[in-house]
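Which strands pair with one another in this model, and which charged side chains meet across them? The report below takes these two topics in turn.

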Amino acid sequence: MPADAIDIAAVAPAMELMLERPATLRCSGRLDGQTRRSLCSAVETLLSWGAATVTIDVSDLRLGDREGAGALVRVQQMVLDAGVSLRWIGLDAGRLHLMRFLDLSSSYDGAMAMRPFSAAG
């Protein structure tokens, strides 16, 4: 690579994940088939902290493909299977439509809070 070239991967990585205690995951970048495993791994870490509620902020996350959308389904199932409540932040109308299409939630309260198997609103 020429000395004056910019490493695009270093400047704009595909996806960035930030874990914050007690149990928040902030996601930015692009969620797709290549980055989905990182998301699931980060959620496993959150669950290991033992919080009663997990918050996932997708305000700055773009869905890149079908596998990325499927990762959101997987993440929700992981959290609910652990008996933990899940709260989504940053769902705009388009994302909410996608989430409903994928049957990720049956309710929306501005931040979309879900309780284990009692999400019906």
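What follows describes a predicted model, beginning with its strands and crossovers and ending with its salt bridges.

**Strand pairing and crossovers**

Strand β2, which spans residues 24-31, runs parallel to strand β3, residues 53-63, and the two are joined by seven bridges. Within this pairing, Ser-28 has Asp-60 of β3 standing opposite. Between the two strands the chain passes through helix α2, residues 36-48, and the resulting β-α-β crossover from β2 to β3 is right-handed.

Strand β3 is also paired with strand β4, residues 85-89; these strands run parallel too, and five bridges join them. Here Thr-55 is found opposite Arg-87 in β4. The connection again forms a β-α-β unit, made of β3, helix α3 (residues 66-81) and β4, and this unit is right-handed.

Ahead of β2, the loop that follows β1 (15-20) contains Arg-21. With a relative accessible area of 62%, Arg-21 is exposed. Although Arg-21 and Ala-51 are separated by 30 residues in sequence, their C-alpha atoms lie 9.1 Å apart in space.

**Salt bridges**

Side chains of opposite charge can pair when their charged atoms come close. The structure holds three salt bridges, and they are set out here with the distance between the closest N and O atoms.

| Acidic residue | Basic residue | N to O distance |
|---|---|---|
| Glu-20 | Arg-26 | 3.0 Å |
| Asp-57 | Arg-26 | 3.0 Å |
| Asp-32 | Arg-30 | 2.9 Å |

Which residues are joined into one network by salt bridges that share partners? Glu-20, Arg-26 and Asp-57 are linked in this way, with Arg-26 meeting Glu-20 in one salt bridge and Asp-57 in another.

The members of this network differ in how they are classed by accessibility: Glu-20 counts as partly exposed at 25% relative accessibility, and Arg-26 is likewise partly exposed at 34%, whereas Asp-57, with a relative accessible area of 12%, is buried because its value falls under 20%. The salt bridge between Asp-57 and Arg-26 connects distant parts of the chain, since Asp-57 belongs to strand β3 and Arg-26 to strand β2, 31 residues apart.

The salt bridge between Asp-32 and Arg-30 likewise brings together a buried and a partly exposed residue: Asp-32 is buried, with a relative accessible area of 9%, while Arg-30 is partly exposed at 35%.

How values were computed
Residues are numbered from 1 along each chain as its sequence is written. This is a predicted model: local features need pLDDT of at least 70, side-chain atom pairs count only at pLDDT 80 or more; totals for chains, interfaces and linings use all residues. Side-chain values use heavy atoms; hydrogens and water are left out. Two strands pair if DSSP finds at least two bridges between them. Helices (H or I, at least four residues) and strands (E, at least two) are DSSP runs, numbered from the N terminus. A crossover is right-handed if, with the strands pointing away from the viewer, the path from the first strand over the helix to the second runs clockwise. Buried means under 20% relative accessible area, exposed over 50%, partly exposed in between (1.4 Å probe, protein chains only). A salt bridge is a side-chain nitrogen of Lys or Arg within 4 Å of a carboxyl oxygen of Asp or Glu.
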